[in-house]
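Could you walk me through this protein structure in plain language, step by step? I'd like to know what to look at and in what order.

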Amino acid sequence: MKTNLQDFLDVLDSDDAKPLSVVISSKKKITIKPLSFKQQKALVTSGLDGISGVMSFIKTLNDIILFNSEETDLKIFDRVPIILALRKELSSKKLTQDEVEVDVDDLITQFKKIDTIKGDVVDGNGYTVQLRIPTLKQENKLLATCIEDMKKLDIDNMGKNISTILSYEIPKFIESITFGDSVIEFDEISTSERVKIMDNLPANITNLITDYILKVRDYDEQLLTFNGTTIEIDSTFFE
């Protein structure tokens with residue numbers, strides 16, 4: 001019997017592919033659906049537009065992870081084991097970087113053995129800043145605004161573009177700022193208000209915050225490095 005197109009699409013939409021099991025940074029085991037072809041296409045094409053394309057790729061990847069896992073509190077570190085599991089299911093277990101092959105399973109096993117970085121507190125000039133590891137949802141909220149602002153800028157004005165990115169990158173790591181009797185919880189204010197606060201903080205405080213962020217970035221890179229080879233995560237990762 002011939003099936004009409006809509007019925008067939010409904011069957012595809014309701015088809016529950018076997019979920020993948022992933023151990024995240026909290027050592028909790030979660031499940032996530034494999035990528036659909038539509039999602040794969042979105043990832044491959046999202047990172048093609050310069051600096052804003054890189055941010056669009058990260059936001060698209062976060063959106064897919066949150067949708068496919070139905071988890072709401074995933075940290076940015078959790079992205080690593082999840083994308084490794086998605087990539088392993090998608091194609092070869094072997095990743096190639098600078099003509100060196102790295103086995104996905106080696107990176108997954110390594111991740112399980114490495115303790116995660118925790119939040120921190122920095123002090124100076126009367127300010128106390130509570131730092132955190134942001135969730136994917138917190139990161140995406142800032143990315144969405146940053147991407148829109150980047151579209152308004154001159155693509156060739158590299159200095160202004162980088163300045164804009166930093167204005168949005170730093171606040172996502174901040175839980176709260178205390179100055180005297182005043183306490184600002186960053187999740188309770190708008191993205192633009194966070195950026196205004198960051199722009200008016202003393203430079204030595206932002207330097208301390210940046211030092212923490214660099215430690216987080218180094219840790220993130222460590223998760224994707226095996227025997228001296230670091231795997232880059234960009235749109236080609238899912239081809």
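**A walk through the fold**

Let's begin with a single residue: at 14% relative accessibility, Thr 206 counts as buried, because the cut-off for buried is under 20%. Keep in mind that this is a predicted model. You'll find Thr 206 in helix 9. A polar atom of its side chain lies 2.8 Å from the backbone oxygen of Ala 203. If you leave aside the neighbours within four places in sequence, Thr 206 is in contact with Met 198 and Leu 201.

Now zoom out to the whole chain. There are nine helices and ten strands, and buried residues make up 43% of the 239 residues. What about contacts along the chain? Take those between residues at least 6 apart in sequence: 67% of them join residues at least 24 apart.

Next up is an open sheet. It has four strands in the order 5-6-7-8, and the pairing is antiparallel. Strand 5 (120-124) and strand 8 (182-185) stand at the edges with a single partner strand each, so one side of each has no neighbour in the sheet. On average, neighbouring strands here are turned by 15° against each other, if you ignore direction. Look at where strand 5 meets strand 6 (residues 127-131): the two run antiparallel and are joined by five bridges. Within this pairing, Val 122 stands opposite Val 129 in strand 6. Helix 9, where we started, packs on this sheet and touches strand 5, strand 6 and strand 7 (174-179). The direction of helix 9 makes about 160° with that of strand 5.

Let's move on to helix 5, which covers residues 104-113. Right at its start, a side-chain oxygen of Asp 103 reaches to within 2.8 Å of the backbone nitrogen of Asp 105. Which residues of helix 5 are buried? They are Val 104, Leu 107, Ile 108, Gln 110 and Phe 111. These residues sit on the same side of helix 5, because they cover an arc of only 160° around the axis. And what do they pack against? The list is strand 1 (20-23), helix 4 (79-90), strand 3 (94-97), strand 4 (100-103), helix 9 (203-223) and strand 9 (225-226). So helix 9 turns up again, this time as a packing partner of helix 5.

Another threonine is worth a stop. Thr 191 belongs to helix 8 (residues 191-200), and at 8% relative accessibility Thr 191 counts as buried. Thr 191 and Leu 142 are 49 residues apart in sequence, yet their C-alpha atoms are 6.5 Å apart in space. Leaving aside neighbours within four places in sequence, the contacts of Thr 191 are Lys 141, Leu 142, Thr 145 and Tyr 168.

Last stop: the aromatic rings. The structure holds five aromatic pairs. One of them is the tilted pair of Phe 57 and Phe 238, with 6.5 Å centre to centre and 45° between the planes. Phe 57 lies in helix 3 (residues 50-69) while Phe 238 is in the segment after strand 10 (229-230), so this pair ties together parts that are 181 residues apart in sequence. Are these two rings' residues buried or exposed? Both Phe 57 and Phe 238 are buried. Together with Phe 237, they form one aromatic cluster.

Definitions and conventions:
Residues are numbered from 1 along each chain as its sequence is written. This is a predicted model: local features need pLDDT of at least 70, side-chain atom pairs count only at pLDDT 80 or more; totals for chains, interfaces and linings use all residues. Side-chain values use heavy atoms; hydrogens and water are left out. Buried means under 20% relative accessible area, exposed over 50%, partly exposed in between (1.4 Å probe, protein chains only). The arc is that of the directions from the helix axis to the C-beta atoms. Contact means heavy atoms within 4.5 Å. A polar contact is a pair of N or O atoms within 3.5 Å; within protein, one must be able to donate a hydrogen and the other to accept it, and residues adjacent in sequence count only if both atoms are side-chain atoms. Two strands pair if DSSP finds at least two bridges between them. Axes are lines fitted to C-alpha atoms, for helices over the stretch in contact, and angles run from 0 to 180 degrees between N-to-C directions. Rings of Phe, Tyr and Trp (its six-membered ring) pair if their centres lie within 6.5 Å; planes under 30 degrees apart count as stacked, over 60 as edge-to-face and the rest as tilted.
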